[in-house]
Amino acid sequence: MPLNVESLLKIIELESKKGYQDSAVIGGMDKFLRNWAARAQESLTSPHLLRQFKKLRFADSGYSAMTAEERRQWLESVVGFVNGVGAENAKQETKPVHPVRRIAPLPKARDTTPDQPLDSPITGVRGISAGMASKFNRLGVKTIRDLVYFFPYRHLDYSQRKTISQLVEGKEETIVANIWQAQAVNLGGRRSTEAIVGDETGNVRVVWFNNPYLVKQLPTNARLIISGRVGLFRGRHVFESPEWELLEDKDSASSTLLRTAPSAGSGQVHAGRLVPMYHLTAGLYPRQVRKLMKEVVDRWTVQVEDFLPQSLRERCSLLDLAEALRQAHFPEDEKVKDNARIRLAFDELFLLQLGVLGKKRAWQEDRPGNPLSADKRVLSNFLGSLPFALTSAQNRVLGEILSDLEKPCAMSRLLQGEVGSGKTVVAAAALLIAAANGYQSALMAPTEILAGQHFATISRLFAGAGHLEAQTDSLYRYSGILVRPITVVVLTGDMTAAKKRELRKQIASGEVDIVIGTHALIQKDVTFHKLGVAVVDEQHRFGVTQRSALRQQGFNPHMLVMTATPIPRTLALTLYGDLDLSVIDELPPGRQTIRTRWLKPEQRESAYAFIRKQVAAGRQAFIICPLVEESEAVQAKAATAEFERLSREVFPDLRLGLLHGRMSAAEKDAVMLAFRSGEIEILVATPVVEVGIDVPNATVMLVESADRFGLSQLHQFRGRVGRGPEQSYCILLAENPSEVGQERLKVIEETHDGFKLAEEDLRLRGPGEFFGTRQSGLPDLRMAKLSDIHILELARKEATTLFETDPELKSPEHSLLGKELARVWPEAGEWS
């Protein structure tokens, strides 16, 4: 059967008219050529033509990666091949055939290479003035590269074409029609544009309110695409202020393509396709930004070098980078859009993994640590003095930590464990080993309350193993644990200047063995004598510079990071790839299950009655409200207003206290002391209680607007009760939860395993919300979702393999990857 080359010729002609910009068809020439080649090869019988065909490599020509002039030259070769096909067709047919149309030599390519490199300011883009650039700057877009990676937050699907007779009221629809009439009109006092458009099935009215100037852009008999919601006016369909776009001339090849299938042309930006929606700020408008982005994507993606080795791309079935970027902005269809997201998400997670693996290597290999031997006698005496036996999980984790401490490279370990799993006692053993080896140690907590609690807990743990020699409100000294006395102090920001000076002097001289505190520990005027171990609790609440500063306090101290936030293993390995992972996945025996109930708004009074009953029995309760101040935007009760209401209307006869994040450290401590001592019976608080408050007599946790919290956070609240022998309860109230909110509340009612809840949290809430990457010091994740477990695992596997074979990326095929890694992970961005 003779080869049909007419469709190929039309596309080549159109591509040449468009300046070889790879824009003749949506999806690019590569995809079109692959599809055409698959059909064409079956029709070729001449060995000579078949050799030519294979030499041109239609199926993998790499057209998208060529320069405009290389594209022209390659298409010239294709035209030469087509002329040969014409001659061959004529030989094979016994009857006269319609000759293959010959086309004129292709015009020279215009020089469309952008003169501005990717890292130039965005004012290098035609149409972006200094004023407009300042608006983009507010969105974090400063360079042309930033624009290329300024992805839409969603796409409107305007790709499915309907005829006018098929329009349905209330639906988002797309039509291709001719403009019969367009005029400026006065509609309800508003100067507007009205048009009558039609296709072969009928006519429809289109109105653009408050836009009388549009009429000049809508010439009679022109053909256009309209996408928008269909309304009804006086019984007839109408489009009100839809997106629209004029089509090209009727006799052009692209117009022919568009009339038959509007989603297959690539000229459309605002209608007739998957239309990108970009984040905006005051002074930027959707059509304006889309038009700019189309030019940026068409002109600058060719400059983006694909830093992934080809072997890796093929192994993981990933799109080329330039194609992925184009499809992420202006996708051909949902499938290709998803493939683009997978490629770009893989890039982010792969670079993240390589970055953290590099940090770990630098931390452990480039700077030697201090090996600390585990004194078995000291350890045995300490563990034997405890009023409980360690669980098997605690013993396993302690073994991992002690093994790390004995190595000449510094420990870098993340310790995960539920509230109440016994992380603090394991940390205390590490602090003790440091002291036994003549080194100081530091434990840094995110809040004054938690620092004070750690000070009290560790002092209590040591009290059983030794004898208290000296005590003040900020210092405990014990004998009998080591061959010399061991001193534990707490240093916080709200201490008097004189007290701080005294403690700082003792720390600098080496008189103090263990220092517990908040970020005050890493202020410039705190100097350690010989820091050997650093423990950071609730790690994700600290910024990059705070963690790095603590590391710099000593000669490469061993680092133990603790968190009670259960993080799924794969996610933990990705976010903390520079930390080895230990998990205490077992609660001590006898730890009670907290009964959890989600109540409807009409059951609020019964919740209050239950709290009153518990208080009457000598117990205490928490009531959690999400915000400190009233906000119309968020329907959550403010703790301050709620405290006043509860004190006045619900529990006027009970003793209530208020705790929120805007109180001073001294005020918070006073409230907590009153709550612990029983002076306060009900504590009304904001989520400041999520971390670290330990009141064994508290048996009820009531959470207002519970649907506004994530599962992991709700689980943390729940962990604040049930710390004593009495049965404890968690009551969740939600006024009008969304579907996802309802699902979350059902899950927390039924599940008490923090790690299962974390997995569910990821599934329900997606990226960003579960774990704030901006706070963690990681590179921004624009495309990757933290719920992309498959991509996460693939990226980790590939990064680990690459790191084992070429950790310094010295191989020629990794040179581009090395450059990209240096760009994404500059030295100033060290985060661990």
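Reader: In what order do the nine strands of the open sheet stand, and how are they paired?

Author: Strands of a sheet pair through backbone hydrogen bonds, either parallel or antiparallel. In this predicted model, the order of the nine-strand open sheet is S11-S12-S13-S14-S10-S15-S16-S9-S17, and its pairing is mixed. Strand S11 (467-471) and strand S17 (580-584) are the edge strands, each pairing on one side only. From one strand to the next, the twist averages 20°.

Reader: How many bridges join strand S9 to S17, and in which sense do the two run?

Author: Strand S9 (residues 412-417) and S17 run parallel and are joined by five bridges. As an individual pair, Gln-416 has Val-583 in S17 as its bridge partner.

Reader: Which strands does helix H13 touch where it packs on the sheet?

Author: Helix H13 (residues 392-405) touches S9, strand S15 (531-537), strand S16 (558-563) and S17, and its direction makes about 155° with that of S17. Helix H16 (residues 497-509) also packs on the sheet, where it touches strand S10 (440-444), strand S12 (475-479), strand S13 (486-491) and strand S14 (514-517). The direction of H16 makes about 140° with that of S13.

Reader: What is the order of the open sheet of six strands, and what is its pairing?

Author: The six strands follow the order S18-S23-S22-S19-S21-S20, with parallel pairing. Its edge strands, each pairing on one side only, are strand S18 (595-599) and strand S20 (656-659). Four bridges pair S20 with strand S21 (residues 682-685) in the parallel sense, and Leu-659 stands opposite Ala-685 in S21. Helix H19 (residues 604-616) packs on this sheet, touching S18, strand S19 (620-624), S21, strand S22 (698-703) and strand S23 (729-733). The direction of H19 makes about 160° with that of S22.

Reader: Turning to single residues, is Thr-174 buried or exposed?

Author: Buried means under 20% relative accessible area. Thr-174 has 1% relative accessibility and therefore counts as buried. Thr-174 is placed in strand S2 (residues 172-187), and its side chain makes a polar contact with the side chain of Ser-227 at 2.8 Å. Beyond four places away in sequence, the residues that Thr-174 touches include Tyr-158, Arg-161, Ile-225 and Gly-272.

Reader: Why does Val-215 count as partly exposed?

Author: Val-215 counts as partly exposed because its relative accessibility is 22%. Val-215 lies in the loop between strand S4 (202-208) and strand S5 (223-233). Val-215 and Ser-192 are 23 residues apart in sequence, with 8.8 Å from C-alpha to C-alpha. Not counting residues up to four places away in sequence, Val-215 touches Ala-182, Gln-183, Ala-184 and Thr-193.

Methods. Residues are numbered from 1 along each chain as its sequence is written. This is a predicted model: local features need pLDDT of at least 70, side-chain atom pairs count only at pLDDT 80 or more; totals for chains, interfaces and linings use all residues. Side-chain values use heavy atoms; hydrogens and water are left out. Buried means under 20% relative accessible area, exposed over 50%, partly exposed in between (1.4 Å probe, protein chains only). A polar contact is a pair of N or O atoms within 3.5 Å; within protein, one must be able to donate a hydrogen and the other to accept it, and residues adjacent in sequence count only if both atoms are side-chain atoms. Contact means heavy atoms within 4.5 Å. Two strands pair if DSSP finds at least two bridges between them. Axes are lines fitted to C-alpha atoms, for helices over the stretch in contact, and angles run from 0 to 180 degrees between N-to-C directions.
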